[in-house]
Each structure stands twice: as C-alpha cells, then as structure tokens.
Amino acid sequence: MNDNYDVIVVGAGPAGSTAARFAAAGGASVLMLEKDRDVGYPVRCGEAVSHEGVVQFIQPDDRWIAARCERFRLISPSGHSVIPRLDGLAYVLERRIFDYELAKLAVKEGAEVVTKAYVYDLIKRDGTVEGVRATIKDRKVEIKGKVIIGADGVESRVGKWAGIDTTTQIRDMESCAQFTLGGVKVEEGILEFYFGDNVAPGGYLWVFPKGKDSANVGIGISVELAKQKSAVRYLEEFVERTYPRAAVLTRIAGGVPCAKTCDEVVKNGVMLVGDAAHQVNPVSGGGIISGMIGGMIAGQVAAEAVRSDDLGHLVEYEKRWHKRLGWRHEVFYRIKEAISDFSDETLNTICESGLKLPEEKRTVGGIFRTALWNRPSMLLDVARVFVS
Ligand SMILES: Cc1cc2nc3c(=O)[nH]c(=O)nc-3n(C[C@H](O)[C@H](O)[C@H](O)COP(=O)(O)OP(=O)(O)OC[C@H]3O[C@@H](n4cnc5c(N)ncnc54)[C@H](O)[C@@H]3O)c2cc1C
C-alpha cells in the first residue's frame, strides 16, 4: 500500500466497489478501505435485485444466486392475494459472495483493497480534503488522496466530516429487521409482500425464498411507528404465526434511508455514493443497484477530474446522477408519501380490484390504476401529492 492515491474509497459495499472499479478503469490509482475483516460480511439485506439491474455490471452467476423469481405475490390485510404479471426476473442473492465478486472486479481494474481498515477522520487543509486517517490492523496511518469517495453506508460519517448534510428526517428512516429461516416450506420462484396494520404498518413485510427450505423474512416500517412497537416484534409475531417450526439462522436489524438523494453529494473533494448519499429507492427501500449506479457515475467522474487535474469537475457527478436516477427517486418519494398511510380498507380495495382484472392487464400499474378509478377519493389524495 502506498501513502498517496488519486482516489480513496471508504467502504467496500456494492456502491464502494463499483466506484473503485470505474475510477480505476478510468485510469486513476485507487485504494478502497473496508473496516470489516471480510468484504461482504456481515450481510444486512433482503438480497433481492432485478436481473436488469445486475446485468449492467456483472454476468449472473449461480455461485451468488440463491433463488430466481419470476413472480411476486401481494398479500392484502384481509389475507387475499394477487399475483401481478411481471415481465422480468428477480434474483435473491448470496450477498456475501456477490459483494466479494464486485470487489474482485475493482481489483481486476487495478484498485487496491485493504480490509480491517477503519477510516476515522479526513485530512483537511484550507477546507479542502486531502486524504484520510485510518486504523489499519491496529496501526494509525495517514493516506493522501485527491478525491475521497464516501461509500460508508447508512451510518456514513465521511459526508458529515466533509460538511455535507446527510441527516435523514425521522419519518424517512425505515426501521428494518430480518431473519433468515431454515426448515421452512416456501414457494420457490415467488417473492411475497405482506401489507396491513397488523403485519407492517406503513411499510411491508417480505418473504424471499433462498434456495430450498430457506427464506429471508424481513420487515421495514417507519421509525416513528417502530417507537410504539418495534419492527423486530412485528416480525417475531409473523414468524411465530406463519412458520412456527422454523429455525432462525440469522437475525439482522438496520435502518434504510427512504428519502430523496442528499441535496449535496459533492463537497471539498469528497463524493458520497450509495446509502451514504441516500440513493435508495424511497418506495421499495432497495439500494443495491441504485447504489452501484451512483458508484459507477462517481467513479467515472472522479477519474475524469483526476485526468484533467480539475476537482471542480466533480460536480458533474451530481448532474449525471440526477439525470440518470435522482429525478426518478424524487417521483418515487412523492408516491411513497401518497401510499404510506393507506388504510387497510384501501389496501384491500386495491387487491380486490387487481383480482378482477383480466390476466393480461394484471400488472402493478394496472392494479394501481383500477384501484384509483374505483376509489375517486384515493385519486384525489394521490393527485394532491403530485400537484403540491
Ligand atoms: C434489512 C434490510 C433489507 C434490505 N433489503 C434489500 C433488498 O432486498 N434489495 C436491495 O436492493 N436493498 C436492500 N436493502 C438496502 C441495501 O442493503 C443497501 O441499500 C445497500 O447495501 C447499500 O450499499 P452501500 O454500498 O451504499 O452500503 P453498504 O452495503 O452498507 O456498505 C458500506 C460499507 O462501508 C463500510 N464502512 C462503514 N464505515 C466505514 C469506515 N469508517 N471505514 C471503513 N469502512 C467503513 C461498512 O463496513 C460496509 O462494508 C436492505 C437493507 C436492510 C437494512
């Protein structure tokens, strides 16, 4: 390891590894620092991604695909379910292998990766960031870098050190919990989503098959509601009811920022990517692919800035991100605001409307449209959100 790089990436999740990969591919010397002993572990994720998202970056490989799903089932509070037509394929990943492969792609492009490397501060001179301070295998080191990419996840500190406001409003923070269950009978090839006040108020509960006899069963609800009853408690109750004989193989809990992208993601030589920049889809809470897209754009722009010796060019990242996905996340955010307080009655109506649709029209959009026409008051609610 040297003491000077063009680009230093903090955090080796999907966003960090993709940033490192594209910065190195653009000709920059790149160092990626990961605080944990292993890239990809521990896993804090439901691990579902779309095929279209993945193939932009890596060819699907059975070593990190635990399940292939061609359908999903929406289960309403009354217990009825609808299976919308899905013209696509989703994967449930083995993220500990997937993340590892993403890091290897960065290494293949020339990036260096160091684990057990905890970044605890930035080196600054006259307001500009010039590197990082880290503890690597119990030794304190200073490493210079022209560009620092903060890919340090939902609890990001790199952004705050650089003076970027990364605060998430409490109503936008989802409290999530998940058990990986063993010894369960789950239908293969289908992702299940449960809705309703008794199961997951203001959010949803998921059952994602993970190979044979195993599933990721998790929940995301707003932090505000979790104060009254925790996400873990809702999940335990669901598992006791639905899979009383299951073995709980892993338990995880974590937050997901279901917000719009931070207003600023570039400052003083620092760029933020992935959860650190709030690049999660505000409706689904999925952040793997969107974080990788953010990482790719940031890596490319960082390499361009280094090549042209112009750090002012880094702001180009904000523009490209907004054009590619940021604007969509703003629309999704408004949709989230509209649907998050749907009553059980409204959710049941949506499900019933979906069931009445002929199969070829039973898409997510089709179900939502029908529900709106059947419930003019709901149409008004949604319209209000879009014109406000
Ligand atoms: C319960 C749950 C379920 C989820 N399910 C899904 C899902 O099904 N599909 C989906 O797309 N998304 C899901 N998400 C969201 C998804 O996990 C994240 O959006 C994604 O992991 C973000 O990637 P990232 O690279 O930005 O951050 P992370 O994957 O969090 O990686 C950040 C890395 O930075 C390292 N790090 C942090 N601080 C430092 C430091 N100071 N120095 C060095 N290293 C540091 C961490 O150790 C970590 O490895 C889920 C999240 C939760 C909590």
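Helices, taken here as DSSP runs of H or I that are at least four residues long, are numbered from the N terminus, and in this predicted model the helix α8 covers residues 316–339 and holds glutamate 318. Glutamate 318 counts as buried, because 21 C-beta neighbours lie inside 10 Å and the cut-off for a buried residue is 20 or more. Leaving aside neighbours within four places in sequence, glutamate 318 is in contact with Val265 and Val266. The C-alpha atoms of glutamate 318 and alanine 66, which are 252 residues apart along the chain, are separated by 34 Å.

The protein is divided into domain 1 (4–45 + 96–168 + 259–337), domain 2 (68–85 + 170–257) and domain 3 (342–387). The contact between domain 2 and domain 3 takes 11 residues from domain 2 and 11 residues from domain 3. On the side of domain 2 that touches domain 3, the residues divide by class into 5 nonpolar, 4 polar and 2 charged. A pair of residues that belong to these two domains can be followed across the sequence: threonine 346 and serine 76 are 270 residues apart in sequence, yet their C-alpha atoms are 9.6 Å apart in space. Threonine 346 lies in helix α9, which covers residues 344–356, and with 18 C-beta neighbours inside 10 Å it counts as partly exposed.

The ligand is surrounded by 37 residues, of which Gly11, Gly13, Gly153, Gly274 and Gly287 come nearest. Because domain 1 and domain 2 both give residues to the shell around the ligand, the ligand lies between these two domains. At least two residues of the shell are supplied by each of α1 (14–25), β3, β9, β12 (173–182), β16 (247–257) and α7 (288–307). By class, the shell consists of 17 nonpolar, 13 polar and 7 charged residues.

Helix α7, one of the elements that supply the shell, also contributes to the interior of the protein. Of its 20 residues, 17 are buried, so α7 is largely enclosed by the rest of the structure. The 20 residues of α7 should span 28 Å at 1.5 Å a residue, and this agrees with the end C-alpha atoms, which are 28 Å apart. The helix is followed by aspartate 309, whose phi is positive, near 50 degrees.

The largest nonpolar core has 113 residues, and the members that touch the most other members are Val7, Val30, Ile149, Met271 and Ala302. The largest share of this core, 12 residues, comes from α7. The surroundings of isoleucine 149 illustrate the packing: apart from neighbours within four places in sequence, isoleucine 149 is in contact with Val7, Val9, Val10, Ala19, Met271, Val273, Ala298 and Ala302.

Valine 239 offers a further view of the local surroundings, and its place is in helix α6, residues 231–242. With 19 C-beta neighbours inside 10 Å, valine 239 counts as partly exposed, since a buried residue needs 20 or more. When residues up to four places away in sequence are not counted, valine 239 touches Phe179, Leu181, Val217 and Ala246. Valine 239 and glutamate 112 are 127 residues apart in sequence, and their C-alpha atoms are 43 Å apart in space.

Several features of the backbone geometry are found in loops. A cis peptide bond, with omega of about 5 degrees, joins tyrosine 41 and proline 42, and proline 42 lies in the loop between β2 (30–33) and β3 (48–50). Aspartate 126, although it is not a glycine, has a positive phi of about 50 degrees; its place is in the loop between β9 (117–125) and β10 (128–136). Aspartate 126 counts as exposed, because it has 6 C-beta neighbours inside 10 Å. A positive phi, near 70 degrees, is also found in aspartate 138, which is a residue other than glycine. Aspartate 138 lies in the loop between β10 and β11 (139–150), and with 7 other C-beta atoms within 10 Å aspartate 138 is exposed.

Methods:
Residues numbered from 1 in each chain as written. Predicted model: local features only at pLDDT ≥ 70, side-chain atom pairs only at ≥ 80, totals over all residues. Buried ≥ 20, exposed ≤ 12 C-beta atoms within 10 Å, placed from the backbone. Near = placed C-beta within 6 Å. Nonpolar A, V, L, I, M, F, W, Y, C, P; charged D, E, K, R; others polar. Domains from an automatic or database assignment. Contact = placed C-beta atoms within 7 Å. Expected span 1.5 Å × (residues − 1). Core = buried A, V, L, I, M, F, W, Y, C linked by C-beta atoms within 7 Å.
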